[in-house]
Amino acid sequence: MQFVGQKLDSLLGEYLKPVDENWQPSDFLPDSANESFISDVKLLQESCRELPYDYVAVLIGDTITEEALPTYESWLMDVVGVDQLNEPHGWAQWVRSWTAEENRHGDLLNKYLYLSGRVNMRAMEVSTQYLIADGFDIGTGRDPYRNFIYTSFQELATNVSHRRTATLAKQFGNTHLSKICGVIASDEMRHAKAYKAFVSRIFEVDPSEMMLALEDMMRKKIVMPAHFLRETGVKMGDTFSHFSDAAQRLGVYTTNDYIDILDALLDEWKVEHLRDLNEQAEKARDYLLALPTRLRRIADRTKVPELAYEFSWID
Ligand SMILES: [Fe+2]
Ligand SMILES: [Fe+2]
């Protein structure tokens with residue numbers, strides 16, 4: 001961590017934006033101090049009226065995932081090498097600044113959904129409170145290698161899903177919502193670049209251990225941060241499966257996206273061409289290089305459930 005974080009200032013400068021230059025949620029929302037507020041909200045609601053059920057459900061699930069940020073920040077603060085007490089401007093600074101950018105995502109989506117008139121906000125808030133209280137179990141432990149693999153993967157996954165909800169919003173005639181999802185997607189891409197770069201640095205100095213960490217994470221499968229998602233009266237995690245099915249049906253985030261991300265990461269980290277691996281790491285590499293093809297075969301055989309589920313979030 002000391003090696004990767006040697007020039008943390010320049011990492012912050014390269015991958016995060018200065019606060020004053022960054023967009024804020026209110027840049028994309030009707031101004032409640034403005035006289036036109038009520039009519040602006042009416043227009044906003046008009047543009048949300050025809051959004052399909054599954055689409056609204058996925059947007060809500062995405063929002064709740066973003067809103068569980070306290071779980072992610074507290075998790076990352078506990079990673080080995082992050083020390084907010086003795087080195088508040090070391091890795092702890094990265095975690096705080098990353099969190100500060102991410103915090104705008106849930107904030108913006110939540111306010112938009114509140115104004116949209118399509119959401120049972122109380123039911124959604126119950127799910128958010130549950131999710132934060134339930135935490136997550138992502139199989140990384142406190143190990144920075146595994147955590148940076150996880151965050152690389154996740155930032156790419158959220159980039160895909162926000163990008164797709166942006167494209168769909170446009171198709172449904174809602175350019176405002178499309179812009180909102182689009183700006184969030186581009187933040188996720190910036191963050192993905194950062195975490196991918198951290199992993200690349202570690203591959204340079206400790207290729208065998210990094211390879212073993214990657215194999216371990218892929219054997220366990222990368223779970224989504226909201227995998228414990230639930231609603232009142234629903235078992236922990238069951239709402240997540242319905243949310244994930246809806247995302248598959250819409251093509252917002254699919255099994256094939258998971259495999260594409262894996263492919264892209266293997267490529268990015270030049271896994272095929274790494275030198276100086278020990279025997280165990282060579283085996284791990286063999287497993288990893290064969291994995292995308294294997295997963296694609298399984299994906300071709302699995303069907304997305306047609307069954308529509310009624311979420312308590314939408315009346
Ligand atoms: Fe985010
Ligand atoms: Fe993110």
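This text walks through the metal sites, the salt bridges and some surface features of the structure. The model is a predicted one.

Start at the two iron ions. The iron ion (ligand 1) takes its protein donors from Glu66, Glu102, His105 and Glu188. Glu66 appears twice in the donor list, each time through OE. Glu102 and Glu188 also donate through OE, while His105 uses ND1. These donors lie 2.1 to 2.4 Å from the ion. Along the chain, their spacing reads E-x35-E-x2-H-x82-E.

Now take the iron ion (ligand 2). Glu102, Glu155 and Glu188 coordinate this ion, each through OE. The distances run from 2.0 to 2.1 Å. In sequence, the donor residues of the iron ion (ligand 2) follow the pattern E-x52-E-x32-E.

The two sites are joined. Glu102 bridges the iron ion (ligand 1) and the iron ion (ligand 2). The two ions lie 3.4 Å apart. Glu188 is listed as an OE donor to the iron ion (ligand 1), and the iron ion (ligand 2) has Glu188 (OE) among its donors too.

Next, place these donors on the helices. Glu102 sits in helix α5, residues 91–116, and Glu155 in helix α7, residues 144–171, so this pair ties together parts that are 53 residues apart in sequence. For the iron ion (ligand 1), the donors are spaced E-x35-E-x2-H-x82-E. There the pair of Glu102 in helix α5 and Glu188 in helix α8 (residues 175–205) links distant parts of the chain, 86 residues apart.

Are these glutamates buried or exposed? Both Glu102 and Glu155 are buried. The relative accessible area of Glu102 is 5%. Because its value is 1%, Glu188 counts as buried as well; the cut-off for buried is under 20%.

Helices α5 and α8 are also connected by charge. Arg104 forms a salt bridge with Asp187, with the closest N and O atoms 2.8 Å apart. Arg104 belongs to helix α5 and Asp187 to helix α8, so the pair links distant parts of the chain, 83 residues apart. Arg104 is buried at 5% relative accessibility. Asp187 is buried too, at 2%. The contact does not stand alone: Glu101, Arg104, Asp187 and Arg190 are linked in a network of salt bridges.

How many salt bridges does the model hold? The count comes to 18. Two further examples are worth a look.

One of them joins Arg146 and Asp216, whose side chains meet at 2.7 Å, N to O. Arg146 lies in helix α7 and Asp216 in helix α9 (residues 207–220), so the pair ties together parts 70 residues apart in sequence. Arg146 is partly exposed, at 21% relative accessibility. Asp216 is partly exposed as well, at 23%.

The other joins Arg296 and Asp260, with the closest N and O atoms 2.7 Å apart. Arg296 is in helix α12 and Asp260 in helix α11. They are 36 residues apart, and the pair links distant parts of the chain. Arg296 is partly exposed, with a relative accessible area of 29%. Asp260 is also partly exposed, at 42%.

Stay with these two helices and look at the loop between them. Lys270 lies in the loop between α11 (255–268) and α12. Its phi is positive, about 50°, although Lys270 is not a glycine. Lys270 is exposed, with a relative accessible area of 53%. Asp276 is placed in the loop between α11 and α12 too. Phi of Asp276 is near 60°, again a positive value in a residue other than glycine. Asp276 is exposed, at 71% relative accessible area.

Finish on the surface. Which residues gather in a patch of positive charge there? They are Lys221, Arg294, Arg297 and Arg301. Arg297 is found in helix α12, which spans residues 279–301. Helix α12 also carries Arg296, the partner of Asp260 in helix α11.

Key
Residues numbered from 1 in each chain as written. Chains lettered and ligands numbered in written order. Predicted model: local features only at pLDDT ≥ 70, side-chain atom pairs only at ≥ 80, totals over all residues. Heavy atoms only, no water. Patch = residues over 30% accessible without salt bridge, like charges linked within 9 Å, V, L, I, M, F, W, Y side chains within 5 Å. Areas by Shrake-Rupley, 256 points an atom, 1.4 Å probe, with all protein chains shown as cover. Salt bridge = Lys/Arg side-chain N within 4 Å of Asp/Glu carboxyl O. Lys, Arg positive; Asp, Glu negative; His and termini not counted. Charge placed at Lys NZ, Arg CZ, Asp CG, Glu CD. Helix = DSSP H or I, 4+ residues; strand = E, 2+ residues; numbered from the N terminus. Donors = N, O, S within 2.8 Å, 3.2 Å for Na, K, Ca; no water. Buried < 20%, exposed > 50% of the residue type's maximum accessible area, 1.4 Å probe, protein only.
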